[in-house]
Amino acid sequence: MPHAPFIIASFAVTGVGITWLVLSSYLSMRRTEASADELRQQQ
Amino acid sequence: MHRFANPARFLRIAKPLTPWLLWLGIALTLGACLWGVFFTPTERLMGDTVKIIFVHVPAAWLGMGGWTGIAIASIVQLVWRHPLAGVSARAIAVPGATFAAICLITGSIWGRPTWGTWWVWDGRLTSMLVLFFLYLGYIALSNASSEKGDTSRVAAVFGIIGAVNIPIINRSVIWWESQHQKASITLGGSSIDQAYLVPLFVSVAGFSLLFGALVLMRMRTALAEMRIEARMRRMADY
């Protein structure tokens, strides 16, 4: 049984999972902090 | 520790710390994975599939470490009413669940060529699956209670009770007959060869820094949401 597909699949799952998590957390943080700052400046 | 209970003081530290943790975490993780895949030898019994260790083990440790963090933060939240403790526990939940899921999936992929099966219902695998479901339960509970606007004491109690599963995962390979190998790394030493052990520790360090950055980002998001909510409420009062 060739091992390469199993290794590639493991690293791909990890890469996709972590990338999604980092991007979604980062974008959500930027958006929410910008909204909070905007609201403070409006007042 | 109470010095950091003030959200403004926390943000003064968290804002410059987040990019450092993030970029250092990405660099170490990528470096360790490349080192592990391309520059470690083929193992005698497992062949090249041993390279899956560089993502599977950090994911397992952080999945378990994440819940330990939730339990500690929940105790601090309930006992000392630390204002950031509940926020930090909720911020750990999604990254913890993701790492537990990565551990389960990569473990299953690793199991197929080494054990001849994708899954067995033995103590280690089942207790890790239970941890993943505990995370889902915790996320649902904390989302439901934050929608109602309370500080999610039910989720905190759930976080503490769920911690019972952590020593069960740890001891499962000793208590029950398991397909999964016994612990290779203990406080007393390691049975893993240095050729794998060094990049494994670099990988664990990298993933841990990434985990820290994720928790800080999610805490900052939660604090900004609270600021928005407080201002909206004040505006509505006028």
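A residue counts as buried here if 20 or more other C-beta atoms, placed from the backbone, lie within 10 Å of its own. By that yardstick, buried residues make up 41% of the 238 residues in chain B.

A quick word on the ground rules: this is a predicted model, where local features need pLDDT of at least 70, side-chain atom pairs count only at pLDDT 80 or more, and totals for chains, interfaces and linings use all residues. Residues are numbered from 1 along each chain as its sequence is written, with chains lettered from A and ligands numbered from 1 in the order in which they are written.

So what's in chain B? There are 7 helices and 2 strands, taken as DSSP runs (H or I, at least four residues, for helices; E, at least two, for strands) and numbered from the N terminus. In sequence order they read α-α-α-α-α-α-β-β-α. The C-alpha trace of chain B spans about 75 × 35 × 30 Å along its principal axes.

Now for one helix pair. α1 (residues 7-38) and α7 (residues 194-237) of chain B pack at about 150°, with axes 7 Å apart. Because angles over 145 degrees count as roughly antiparallel, α1(B) is roughly antiparallel to α7(B).

Here's how two contact sets split up, with contact meaning C-beta atoms within 7 Å:

| Contact set | Nonpolar | Polar | Charged |
|---|---|---|---|
| α1(B) with α7(B) | 23 residues | 8 residues | 1 residue |
| Chain A side touching chain B | 13 residues | 9 residues | 2 residues |

Nonpolar covers Ala, Val, Leu, Ile, Met, Phe, Trp, Tyr, Cys and Pro; charged covers Asp, Glu, Lys and Arg; the others, Gly among them, are polar. Across the interface, 24 residues of chain A are in contact with 29 residues of chain B.

Note on methods: A residue is buried if 20 or more other C-beta atoms lie within 10 Å of its own, exposed if 12 or fewer, and partly exposed in between; C-beta atoms are placed from the backbone. Axes are lines fitted to C-alpha atoms, for helices over the stretch in contact, and angles run from 0 to 180 degrees between N-to-C directions. Angles under 35 degrees count as roughly parallel, over 145 as roughly antiparallel, 65 to 115 as roughly perpendicular and the rest as oblique.
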